[in-house]
Structures are given as structure tokens and as C-alpha cells.
Amino acid sequence: MIDTSDTRLIRTREDLRYVLSGCEGSTGLVMTKGNVHEGHVALVTEARHKCDTVVVSIFVDPLDDTVNRPREAADSSNIFSQTLDRDFSALAAAGADIVFAPSTDTMYPSGLPHITINPGYLAGEYEGKAKPGYFSALCQLSVKMLNLVEPDSVFMGQKDAQELAVIRQLVRDFDYPITVVSVPTVRDGQGVPVSNQLMMLSEKGREQAAMLSRSLRLGIQEAAKSGSAQAVLKVTEEAAVQATGVDVDYVVLVDALSFEDLETEGPKTACLVVAGVLSDTDREGKQQSIRLTDNVLVVLDNK
């Protein structure tokens with residue numbers, strides 16, 4: 001059993017530096033926005049297996065306009081404060097040594113930055129097109145967290161494959177001596193990726209989301225059967241559009257590591273991605289639109 005009493009909750013960069021200065025061996029970082037679920041726990045568990053010290057950050061970045069914030073929340077610390085106790089307990093039980101939960105003033109002591117990061121053309125494709133500015137904010141915050149924690153490894157879920165590709169590119173381009181570790185997607189009993197979006201869905205919404213994820217499983221089967229990229233896309237698209245209540249945005253095959261367009265020649269592992277917007281009702285019966293993304297790895301031979 002893990003002794004959760006040794007886990008430290010840290011709110012300032014000065015305390016973070018002090019505690020990390022006394023840590024020996026390798027350091028792993030898991031970056032979150034709070035509201036911890038099984039997917040986050042899987043990242044921490046993997047980091048615990050591979051690193052001597054595990055740091056988990058909880059921060060909702062004011063630069064990220066895609067986050068649904070309470071109207072009254074002027075500071076990001078207000079957003080996750082309602083779940084911070086629960087989040088801390090879950091992260092400590094999973095093996096986190098340090099939970100770094102800074103305020104906006106701690107992360108941006110001089111105000112919002114004047115110098116920002118352009119994450120390149122990939123950030124304007126797919127989810128970047130649906131959520132303009134999202135990947136710029138992701139890179140900005142990631143650079144700050146990597147600089148503050150100085151980890152040897154950063155752990156990210158395969159569920160957010162485009163984020164994974166962008167951070168891999170950032171680490172390469174900025175010469176960080178860091179390994180980006182991809183952790184397999186955690187799914188619920190219906191095969192839907194565990195995420196904050198899933199937690200917002202009604203039972204009916206979960207069933208609809210399951211139909212979208214099922215389209216990817218059919219894509220895997222077609223890849224094993226034919227190895228053809230065109231056939232995989234056709235089968236997946238036909239199944240995805242059958243998902244009731246889901247407006248499918250795209251179904252694509254991309255390079256599994258770079259998320260760039262797939263080369264047409266030779267066998268390879270590709271990432272099959274589906275995204276759409278699900279119309280659902282919240283607990284009060286009000287209509288809500290939830291954006292869903294999912295992906296799987298498939299092996300193609302492109303015969």
C-alpha cells in the first residue's frame with residue numbers, strides 16, 4: 001500500500017524548487033487541469049513505475065479559451081478548488097510525490113505573457129482548426145511547467161494524440177533533454193475513452209459516444225483484414241456517421257508519431273482518428289454540445 005501521507009501539495013514556484021532540490025534520481029511530470037479521473041491515474045501509475053519522483057501539476061490556463069470556466073472564476077485556482085481535495089487524494093493514492101497546484105498569479109507573476117509560442121502548421125489542423133489558439137496555449141503552459149519542474153520524462157495519454165505529437169515536436173525543437181512517454185488510452189466498459197468530456201455525458205450520451213468509438217474498432221478489424229488505408233477509412237467513416245446525435249467532424253489516418261499526413265508507400269503503424277460533436281442533455285435537462293475525439297493505432301501494409 002502506498003503511503004499517501006508523504007505526498008506534498010505545493011502552491012508556489014519557490015516551494016517547488018526547494019522540494020525538488022532535495023529529490024534524487026529521475027523526475028516524471030504529469031500535467032493536468034484537475035478533475036482527476038482514471039486516465040490521469042494511469043499516467044501517474046506509469047510515471048511511478050519509471051521515475052524516482054513523480055510530480056503532477058494541476059492548472060487551468062487562462063490562455064486556453066477552450067476551457068469551460070465558471071463566470072465568477074477570476075482566478076484559475078477557483079476553478080479546481082472544488083475538486084482539489086478529491087484530486088489530491090486520488091493522485092497521492094496513485095503514487096504522486098508532489099502535487100503542484102499554482103494560482104494564475106504564481107504561473108504568471110508579471111501578468112499574461114507578451115511573448116507567445118507559435119506551434120506551427122500542425123496546430124491549425126484537426127483539433128487546432130476546431131479550437132483556435134488551443135495548441136498555442138498548450139505549448140506556452142508546457143514550456144513553463146517543463147522549465148519549473150525540469151523533468152526527465154513527461155507522461156501523456158495516447159487519447160489526446162494530437163497534443164502528444166505537438167509536445168513531442170516542442171521537446172525536439174526546444175532541445176529539452178526530456179523523454180515524452182505515451183500511455184495507452186483508458187476506456188470505460190463501453191469502450192469510450194475516460195475523459196472530462198465523458199464525465200459530462202448522460203447515459204444516453206455515453207451510448208452515443210460508444211458508437212463513435214465502435215467505428216474505430218471496426219477500422220482496426222479492417223486493417224487486420226486488408227491492410228488498406230482507403231478501406232480502413234471507408235469502414236470507419238461509414239460506421240461513425242451512424243452514431244446517433246453525433247455530428248462527425250473528421251475521420252483521418254495520420255502518422256502515429258508526428259500526426260502528419262500519411263505516406264502512401266510501405267507498411268507502417270498509423271493513427272486512426274475520429275472527432276465529432278455530440279448533442280446531449282446535462283443533469284438539469286439543458287442541451288449541451290460536447291466535442292469528442294478518439295483514436296487507435298492500426299497497422300497498414302498499403303498494398
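Two strands count as paired here if DSSP finds at least two bridges between them. Keep that in mind for the sheets on this tour, and remember that you're looking at a predicted model.

**Stop 1: colour by confidence**

Start with pLDDT. The mean over the protein is 90, and 91% of the residues reach 70 or more. Now select residues 67-80: pLDDT stays under 50 over that stretch, and the model has 30 contacts beyond four places in sequence for it. Where pLDDT is low, the predicted coordinates should not be read in detail. Fade that segment out if you like, and move on.

**Stop 2: the three-stranded sheet**

Select S7, S8 and S9. They form an open sheet in that order, S7-S8-S9, with antiparallel pairing. Which strands stand at the edges? Strand S7 (246-255) and strand S9 (287-300) do, and each has a single partner strand, so one side of each is left without a neighbour in the sheet. Look along the sheet and you'll see the twist, which averages 15° from one strand to the next.

Next, zoom in on S8 (residues 268-281) and S9. The two run antiparallel and are joined by 14 bridges. To pick out one bridge pair, show Val277 with its partner in S9, Arg291.

Now add helix H10 (residues 229-240). This helix lies across S7, S8 and S9, and it runs at about 165° to S7.

**Stop 3: the cavity**

Keep S9 on screen. How many cavities of 30 Å³ or more does a search of the whole structure find? The search finds one, and about 90 Å³ of space lies in it. To get there, select Lys159, Val192, Pro193, Leu292 and Thr293, which lie nearest the centre among the 13 lining residues. Helix H8 (196-199), helix H9 (203-226) and S9 are the elements that give two or more residues to the lining. S9 has the largest share, with four residues. Colour the lining by residue type and you get six nonpolar, four polar and three charged.

**Stop 4: the six-stranded sheet**

Over to the other sheet. Six strands make up this open one, in the order S1-S4-S3-S2-S5-S6, and the pairing is parallel. At the edges are strand S1 (8-10) and strand S6 (179-183); each has a single partner strand, so one side of each is left without a neighbour in the sheet. Neighbouring strands here are turned by 25° against each other on average, with direction ignored.

For a local view, select strand S3 (residues 53-58) and strand S4 (residues 98-100), which pair in the parallel sense over three bridges. Label Val56, and you'll find Val99 of S4 standing opposite.

Two helices are worth switching on here. Helix H1 (residues 13-21) lies across S1, S3 and S4, running at about 160° to S4. Helix H6 (residues 134-149) lies across strand S2 (27-32), S3 and S4, and its angle to S2 is about 150°.

**Stop 5: the second largest pocket**

Finally, bring up the second largest pocket, which holds about 220 Å³ of space. Select Pro119, Gly120, Val166, Gln169 and Asp173: of the 16 lining residues, these are the closest to the pocket's centre. Which helix gives the most to this lining? Helix H7 (residues 161-173) does, with six residues. By type, the lining of this pocket divides into nine nonpolar, four polar and three charged residues.

Technical notes
Residues numbered from 1 in each chain as written. Predicted model: local features only at pLDDT ≥ 70, side-chain atom pairs only at ≥ 80, totals over all residues. Heavy atoms only, no water. 1 Å grid on protein atoms, 1.4 Å probe; cavity = no way out; pocket = protein on both sides within 12 Å on 5 of 7 lines; lining within 4 Å. Points joined across faces, edges and corners; volume = space filled by probe spheres on them. Nonpolar A, V, L, I, M, F, W, Y, C, P; charged D, E, K, R; others polar. Axes fitted to C-alpha atoms, helices over the stretch in contact; angles between N-to-C directions. Contact = heavy atoms within 4.5 Å. pLDDT = per-residue confidence, 0-100.
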